[in-house]
Structures are given as C-alpha cells and as structure tokens.
Amino acid sequence: MGEKIRNFLQRFSFRTGVIIMALCIPLYIISFAQAMLPISATTKTVLFFVFYGLAKLVKYTGLVIVGAEGWERIKRRWKRKNDVAK
C-alpha cells in the first residue's frame, strides 16, 4: 500500500512538490496561533493536533514528491541566494 502511494506521488512535478511543501507553513502558523482564540482548552488541543498533523502530512507528502534529488536542488538554490545576499 505504501509503495503504491509513493509511486503515485512521485508522478507529480518538482514544482508541485515545492508548492505543497510551502503549504505546510500556514498550517504550522494556524496550529500555534489558535492558542490565542477565546475557546476552551479541549477545543484548542483538538485544533492543535488537527492542524499540526495536517502540516506534517503536507510536509512529508511534498518531500516524497520532490524526492532526494529535488531536496538537494532546493538546498543548493537556497544556499546560492544566501551567498548572493551577503
């Protein structure tokens, strides 16, 4: 089952993987920002686990789509941008 899912996700493009990985940022923000809402502690806990879990799911899904070579490509580009900014 896991191999079928991995093969399905790896058919997506590198760009799609990067976009999906970027979606985890707002989910992480929401998972922690909901603590400031005037709601019960139980509801806050449930919301935290839901949004934090979604953020992790989206992150790892994006990593599967991008793959190891794509992750190295992202790191090289990030490093190049930081070197130029100095």
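The largest pocket of this predicted model has a volume of about 180 Å³. A pocket is defined on a 1 Å grid over the protein atoms alone, as an open set of points where a 1.4 Å probe fits, with protein on both sides within 12 Å along at least five of seven lines. Grid points are joined across faces, edges and corners, and the volume is the space filled by probe spheres set on the points. Rolling a probe the size of a water molecule over the atoms shows where empty space is left.

Which residues line the largest pocket? The lining consists of F14, R15, V18, R73, I74, R77, W78 and K81, where a lining residue has an atom within 4 Å of a point. Two elements, α2 (14–22) and α4 (41–85), each give two or more residues to this lining. Helices of this kind are DSSP runs (H or I, at least four residues), numbered from the N terminus. The largest share of the lining, five residues, comes from α4. By class, four of the lining residues are nonpolar, none is polar and four are charged. In this classification Ala, Val, Leu, Ile, Met, Phe, Trp, Tyr, Cys and Pro count as nonpolar, Asp, Glu, Lys and Arg as charged, and the others, Gly among them, as polar.

The second largest pocket holds about 160 Å³ of space. Its lining is made of V18, M21, A22, W71, I74, K75 and W78. Here too, α2 and α4 are the elements that give two or more residues. Helix α4 supplies the largest share of this second lining, four residues. The class division is six nonpolar, no polar and one charged.

One residue of the second lining, K75, also takes part in a salt bridge, in which its side chain meets that of E72 (3.4 Å, N to O). A salt bridge is a side-chain nitrogen of Lys or Arg within 4 Å of a carboxyl oxygen of Asp or Glu. K75 and E72 both belong to helix α4 and stand three residues apart, about one turn of the helix. K75 is partly exposed, with a relative accessible area of 40%, and E72 is partly exposed at 38%. The term partly exposed covers values between buried (under 20% relative accessible area) and exposed (over 50%), with a 1.4 Å probe and protein chains only.

How many salt bridges are counted by this rule? The count comes to two. In addition to the pair in α4, the side chains of R6 and E3 meet in a salt bridge (3.7 Å, N to O). Both R6 and E3 lie in helix α1 (residues 2–9), three residues apart, about one turn of the helix. R6 has a relative accessible area of 43% and is partly exposed, while E3 is partly exposed at 47%.

The surface also carries a nonpolar patch of about 330 Å², made by V46, V50, L54 and L57. Such a patch is made of residues with over 30% relative accessible area and no salt bridge; nonpolar side chains (Val, Leu, Ile, Met, Phe, Trp, Tyr) are joined within 5 Å, and like charges within 9 Å. Accessible areas come from the Shrake-Rupley method with a 1.4 Å probe. Within the patch, V46 lies in helix α4 and is partly exposed at 47%. V50 lies in helix α4 and is partly exposed, with a relative accessible area of 43%. L57 lies in helix α4 as well, and is exposed at 52%.

Distances between C-alpha atoms help to place these residues. L57 and C24 are 33 residues apart in sequence and 8.4 Å apart in space. V46 and P26 are 20 residues apart along the chain, and their C-alpha atoms are separated by 17 Å.

Two further residues lie outside the helices. M1 belongs to the segment before α1 and counts as exposed at 76% relative accessibility. Its C-alpha atom is 31 Å from that of T45, 44 residues apart in sequence. M36 is found in the loop between α3 (24–33) and α4, and counts as exposed at 72% relative accessibility. The C-alpha atoms of M36 and G67, 31 residues apart along the chain, are separated by 36 Å.

Residues are numbered from 1 along each chain as its sequence is written, and side-chain values use heavy atoms, with hydrogens and water left out. As this is a predicted model, local features need pLDDT of at least 70 and side-chain atom pairs count only at pLDDT 80 or more, whereas totals for chains, interfaces and linings use all residues.
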